[in-house]
Amino acid sequence: MTGQSGWMGLLRGLLGLSLPLWQAALRHRLRRGKETPQSLDQKLMRRPAQRPAGPLIWGHAVGVGEAQALVGLFALLAERLPAHQFLITTTARTSAQALASGLPPRCLHQFAPIDTPATTRAFLDHWQPSLALWCEMDLWPCLLRATAEREIPRVLVNARLTAGSLQRKLRLRPFHAALLGEFDRLYAQDDTSARGLLALGAPAARGKVAGTIKALARPLPCDAADWARWQPICEQRPVWLAASSHAGEEAAVLQAHRLLREEHPTALLIIAPRYPLRGPEVAALAAGTGAVGLRSQGDAVIPEHATNVAATIGEKGLWYRLAGVAFVGGSLVNVGGHNPFEPLALGCRVLHGPQVHNFASSYVALGEDGFTQQVSTPEEIASAVRPAWQEGRSPPLENWRGAQGAMQMVDELALMAGQG
C-alpha cells in the first residue's frame, strides 16, 4: 500500500465509512444556520440542480475569491465554446451568495457533494462533465479518483503554495503526491508554487506556470437601483474606499481621511470591513471624522456623511464603481492582503500595505506596471489618494502583461474541451 493507487484506495475506503459522520455534521450546521435545506440536499445529491443539455465543463472552488476567479475563466471559455454548458461547485454558503447575481452565460452553481464514493458517483452520473477543473488546492480524494476512473480530463488551475503551506503539506507528501498524480495538467500561479508542486510529487511534465486566473476576473455586478441612488451624490464628491479592512487598519485609514478632508472637506470615505459584523465597531471608530452612515442599518449616503460603513455582503461591485481609488485591506496587518483584481477590473486604482504575501508575485508585477501602490502610514495613504483622484480610473486590466499566461491557459483549456 505504498504506491499512489494504494494511498487513494485507502483514503476512499475510509471515506466510504464516513457517510453517517457527514450527515450528522451537516445536520448540526443546518441547525446553526450554516447550511440550508437546499445546500444539504445538493451536498448529499438528493435533489441536484437540473442538468442542461450539451457538453458541460465543471469547475470546483472553495472560497469567494476562487469562485469569482472561475466566473472570469468560464466567461472567457463561454466565448470560445458556444455549445458548452458550465457548472461551478462550492462548499460554503458565502461563495454561493457571491455567485447569485454574477454567473456568466450558460453557467450554473451547485454545492459540491460530500466526499464519499456513493455521493461522488451520483454527482458524476448526474452532471457527466467532459472537463473538470479544480481551482487552487481544495482537493477531495473520492471526487478526484472517481473523475479519473471515468477518464474525464482533470486540470488543476491557479495552484498556489506559500513556504508555510508547502512545509505543512510535505508532512503528508505521499497523500499529496497521490492527489496531484491524478491531474492531466497543473497550472501554477508562480514559480514558487510550481516548485512546491514538484516537491510534493506532482509529475513535472504536466506542470506549467500560468499566473493567476484572478487576473481574468469579470467586473463584479451591482444593483442598478442602488447605483441610481448613490451615484448622483457621489459624483459631486471625491470618494475613496477601504475594501476588506481588518481590525487595526481602520484607524490608519480614518486618520488618512482626516488629512484628506482638511484639503477636500466634502471627501467621502466608504469602509467595507472584511467581516460585516464589525460594522457598528467600525462606525464608532469613524465618529471622529464627521457624520457617519452605517449601510447595514439601511443608511444611504447623504452629503453630510464624511464616512459610510458598508458592512454588507455582495456589494463590492457598487463601491468599486463609486470610488476611483481603493485601499485593499488585510495588508497593514498580518493577514496577507486581499484580491487586487476585483477593484482593478472596474478601473479602481489600488493602494495596499506591505503585508501581501497571499498575492505576493501579483502585487510585485502590478506595482511595477503602475496598477498598484504600496503605502504604510496614514500620511502615505493620503498622499497616494490625492493624485489618484486627479488621474482618474486605472488602465484596463486586460492590458496587463501578467494576464498573458492566464489567457494562454484559457486557449489551451478551450482546445482540450473542444477535443473532448
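## Close-up views of a predicted model

**View 1. Helix α12 has the span expected of its length.** The 14 residues of α12 should cover 20 Å at 1.5 Å a residue, and the end C-alpha atoms are 20 Å apart, which agrees. The expected span is 1.5 Å times one less than the number of residues. Helices (H or I, at least four residues) and strands (E, at least two) are DSSP runs, numbered from the N terminus. This is a predicted model: local features need pLDDT of at least 70, side-chain atom pairs count only at pLDDT 80 or more, and totals for chains, interfaces and linings use all residues. Residues are numbered from 1 along each chain as its sequence is written, and side-chain values use heavy atoms, with hydrogens and water left out.

**View 2. Helix α12 lies across four strands: β8, β9, β11 and β12.** Helix α12 (residues 250–263) runs at about 170 degrees to β9 (268–273). Axes are lines fitted to C-alpha atoms, for helices over the stretch in contact (heavy atoms within 4.5 Å). Angles run from 0 to 180 degrees between N-to-C directions. Buried residues of α12 include Val253, Leu254 and His257. Buried means under 20% relative accessible area, exposed over 50%, partly exposed in between (1.4 Å probe, protein chains only). Among the elements covering them are α13 (279–285) and α17 (378–391).

**View 3. Seven strands form an open sheet with parallel pairing.** The order is β10-β11-β9-β8-β12-β13-β14. Two strands pair if DSSP finds at least two bridges between them. Strands β10 (291–294) and β14 (372–374) stand at the edges, each with a single partner, so one side of each has no neighbour in the sheet. Neighbouring strands are turned by 20 degrees against each other on average, direction ignored. Three bridges join β13 (residues 349–352) to β14. His352 stands opposite Gln374 in β14.

**View 4. Leu413 sits in the largest nonpolar core.** This core has 32 residues. A nonpolar core is a set of buried Ala, Val, Leu, Ile, Met, Phe, Trp, Tyr and Cys residues joined through side-chain atoms within 4.5 Å. Leu73, Phe74, Leu77 and Leu413 touch the most other members. Helix α4 (64–80) is one of the contributing elements; α4 gives the largest share, nine residues.

**View 5. The structure holds zero disulfides.** A disulfide is a pair of cysteine sulfur atoms within 2.5 Å. For Cys135, the nearest cysteine sulfur is that of Cys107, 13 Å away. Cys135 is buried, at 1% relative accessible area. The sulfur of Cys222 is 12 Å from that of Cys234, too far for a bond. Cys222 is partly exposed, at 27%.
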